Amino acid sequence: MQIWKKWRIRLLLVLTMGLMIIGPQPYLELRDFHRQERIGVVPVSLQDRFQIEWIHSVELTPWRETYRVVGFSGMELAETSFRSFGAGVPANFSDRPNVHVSIDGGWITVSGLQEQRDRVLYLITRSDYMLTVRDQKWPLASFMPLGTSLELSIRWFPWWFRYIYSLEKKERNA
């Protein structure tokens, strides 16, 4: 009986130390900007990409912005893609030598932007806003009421954070 008790204590100590060593991990955090409330988090890895897609309110054509997780310093706008030029669409990149404009499958893609961002704000006004991280997609209107200002940022939290604040959990409860 005494051996079993010592073995359990050692196992508990090893597990506790292991969990402490793992340390914080990067997450894409979604917040209600005005209320300053956390909506949820999505675990990401360094160099991961994620996208926000929606229908442009004036042109009524699809728009997509792709961000890349950049080390410990946050994220950057890596590229933007859209179906037509018009209101608010970037058009002149002649002063930026690393920027490349291409057309593929009807999408105009501006890549090589490398615009560093600490956070990004979107006003979710319609139900067509979609977040994509790796192969997983979330309709943003299923987590928040229309008219919400969504703030996206890369934050570092403990490994267990995903189990409490995950979007999957929030989506099931919605």
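# Exercises on a predicted model

Of the 33 residues in the largest nonpolar core, those touching the most other members are L28, L30, F50, Y122, L131 and L140. The model is predicted. Work through the exercises with the structure in view.

## Exercise 1: the surroundings of L131

Find which residues L131 touches, not counting residues up to four places away in sequence.

Solution.
- Step 1. Start with L131 as a core member; L131 is among the six that touch the most other members.
- Step 2. List its contacts: L131 touches L28, L30, F50, Q51, I52, Q136, K137, W138, L140 and L167.
- Step 3. Compare with the core list. L28, L30, F50 and L140 appear there, and L131 touches each of these four.

## Exercise 2: strand β1 and its partners

Determine how strand β1 (residues 25-32) is placed, and which strands pair with β1.

Solution.
- Step 1. Check burial. Seven of the eight residues of β1 are buried, so the strand is largely enclosed by the rest of the structure.
- Step 2. Take one partner. Strand β11 (residues 148-157) runs antiparallel to β1, and eight bridges join them. Here R31 has E151 as its bridge partner in β11.
- Step 3. Take another partner. Strand β2 (residues 37-43) is also antiparallel to β1, with six bridges between them. L30 has G40 as its bridge partner in β2.
- Step 4. Look at the turn. The hairpin of β1 and β2 has four residues between the strands, and Q36 takes a positive phi near 55° there.

## Exercise 3: strand β5 between β4 and β7

Describe the burial of strand β5 (residues 74-82) and its pairing with β4 and β7.

Solution.
- Step 1. Eight of the nine residues of β5 are buried, so β5 is largely enclosed by the rest of the structure.
- Step 2. Strand β4 (residues 62-70) is joined to β5 by eight bridges, and the two run antiparallel. The bridge partner of R64 in β5 is S81.
- Step 3. Three residues lie between the strands in the hairpin of β4 and β5. G71 takes a positive phi near 40° in this hairpin.
- Step 4. Strand β7 (residues 107-117) is antiparallel to β5, with seven bridges joining them. F82 stands opposite I108 in β7.

## Exercise 4: salt bridges

The structure holds ten salt bridges. For the bridge of D32 and R35, decide whether each residue is buried or exposed. Then examine two other bridges.

Solution.
- Step 1. D32 and R35 form a salt bridge, with the closest N and O atoms 3.7 Å apart.
- Step 2. Apply the cut-offs: buried means under 20% relative accessible area, exposed over 50%. D32 has 8%, so D32 is buried. R35 has 54%, so R35 is exposed.
- Step 3. Turn to E76 and R68. Their side chains meet in a salt bridge at 2.8 Å, N to O. Both E76 and R68 are buried.
- Step 4. Find the network. Salt bridges that share partners join E29, R31, R38 and R155 into one network.
- Step 5. Look at one link in it. R31 and E29 meet through their side chains at 3.3 Å, N to O. Both R31 and E29 are buried.

## Exercise 5: a loop residue

Where is S166 found, and is S166 buried or exposed?

Solution.
- Step 1. S166 lies in the loop between α2 (161-165) and α3 (167-173).
- Step 2. Its relative accessibility is 10%, so S166 counts as buried.
- Step 3. Leaving aside neighbours within four places in sequence, S166 is in contact with V41 and F161.

Methods
Residues numbered from 1 in each chain as written. Predicted model: local features only at pLDDT ≥ 70, side-chain atom pairs only at ≥ 80, totals over all residues. Heavy atoms only, no water. Core = buried A, V, L, I, M, F, W, Y, C linked by side-chain atoms within 4.5 Å. Buried < 20%, exposed > 50% of the residue type's maximum accessible area, 1.4 Å probe, protein only. Contact = heavy atoms within 4.5 Å. Salt bridge = Lys/Arg side-chain N within 4 Å of Asp/Glu carboxyl O. Pairing = 2+ DSSP bridges.
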